[in-house]
Amino acid sequence: MKTIGILTSGGDAPGMNAAIRAVTRTALQKGMTVKGIYKGFNGLVKPTKDSESIKSLEIRSVSDIMQKGGTMLFTARCPEFVPIEGVRKGVQTCKENGIEGVVVIGGDGSFRGARDLSNEGVPCIAIPATIDNDIPSTGYTIGFDTALNTAMELIDKLRDTAQSHDRCSVVEVMGRRAGDIALHTGIACGATSILTAENDSYTVEHAINRIKSTKTGGKHHFIIVVSEGFTAARHIDANMIAKQIQDDTGVESRATILGHVQRGGTPTLRDRVVASRFGYRAVELLSESKGNMVVGLNRNSIVEYEINEALEMKKNLDEELYKIAETISF
Ligand code: F6P
């Protein structure tokens, strides 16, 4: 394979730039040409004539990006790439630009695009990158650690004000349908209760009961971490939860939705290192003429699966972590 493309797709995640850098430099070291495809699959489906959507990347094109959040290649969700006509248009764009294989960096929606493009004759390797950590085929997705640290710092700040006022702070964190961000930040911030879509035993009523019992034990301020999957599944929002808690417990309550701030910022060491490892392995696979695969991390070793196999896997929230949270947060 002489020329490969690289794109980032779906929601941005801190560490995507480190993956772009690793892919570019590994491929250049192997004597390949690298083309950056801009704005996700849009760069393939809707290429512009002014060569703004596909540009060659050299060693220095990826200098000074590792420490930056976001993605230098921009990103997008691309509904036009779902129907087969869109995929075939992508194949044609690859051919016109001499692109023989593509590294796709993103979440499971991006994996489907990578699979479809592979099936139409352009081998792709997918790299899991999303703050949600919601991809069953890998123990870790690029961006998760940075998002956790951002959320943790913000919840710590909320604790300062909750403590000063003897209040309850209800904090909604991101994660789409997954509760990983909620569970990890909940433990790290000593949340009184952690509500996720995955664990039915942890309801608003459960949180209220824990507030009441810990209050009896001398606790005066409370953090309740809620995943956005929990609020979406129950058609409620953080303000409604805060009101319910205040009405039932008498503890003054405030709601905060952390939102997109969790997606930004300087990637942590873990995100940079994992991204570099994934990027390096993705190019190795393409150079071995392998495609239709996704890389991942299992007990700190790099693993790879066929994309379809990866998409069929299931993942549960770690029950042990729930047990730990329940035991130590009083
Ligand atoms: O997948 C990452 C994520 O930030 C989710 O946590 C969240 O549900 C979603 O993307 C938000 O998407 P958008 O940026 O399109 O609003």
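The ligand in this predicted model sits in the largest pocket. That makes the pocket a good place to begin your tour.

Which residues are around the ligand? Follow the chain and you will meet R77, then T130, I131 and D132, then M174, G175 and R176, and finally E228, H260 and R263. Sorted by class, this shell has 5 charged, 3 polar and 2 nonpolar residues. I131 and M174 count as nonpolar, while D132 and E228 are among the charged residues.

Now look at some individual contacts. A polar side-chain atom of D132 lies 2.7 Å from an oxygen atom of the ligand. The side chain of H260 has an N or O atom 2.8 Å from a ligand oxygen, and for the side chain of R176 the corresponding distance is 3.3 Å. These pairs count as polar contacts because their N or O atoms are within 3.5 Å of each other. How much of the ligand does the protein bury? Taken alone, the ligand exposes 400 Å², and the protein buries 74% of that.

Let's leave the pocket and turn to the aromatic rings. The structure holds 4 aromatic pairs, and one of them is worth a visit. The rings of F41 and F81 have their centres 4.2 Å apart and their planes at 15°, so this pair is stacked; planes under 30 degrees apart count that way. Where in the chain do F41 and F81 come from? F41 belongs to the loop between β2 (33-37) and α2 (42-45), whereas F81 belongs to the loop between β3 (54-57) and α3 (84-96). The two are 40 residues apart, so the pair links distant parts of the chain.

Technical notes: Residues numbered from 1 in each chain as written. Predicted model: local features only at pLDDT ≥ 70, side-chain atom pairs only at ≥ 80, totals over all residues. Heavy atoms only, no water. Near = heavy atom within 4 Å. Polar contact = N/O pair within 3.5 Å; in protein donor to acceptor, adjacent residues only side chain to side chain. Areas by Shrake-Rupley, 256 points an atom, 1.4 Å probe, with all protein chains shown as cover. 1 Å grid on protein atoms, 1.4 Å probe; cavity = no way out; pocket = protein on both sides within 12 Å on 5 of 7 lines; lining within 4 Å. Sits in = over half its atoms within 2 Å of the grid points. Phe/Tyr/Trp six-rings, centres within 6.5 Å; stacked < 30°, edge-to-face > 60°. Helix = DSSP H or I, 4+ residues; strand = E, 2+ residues; numbered from the N terminus.
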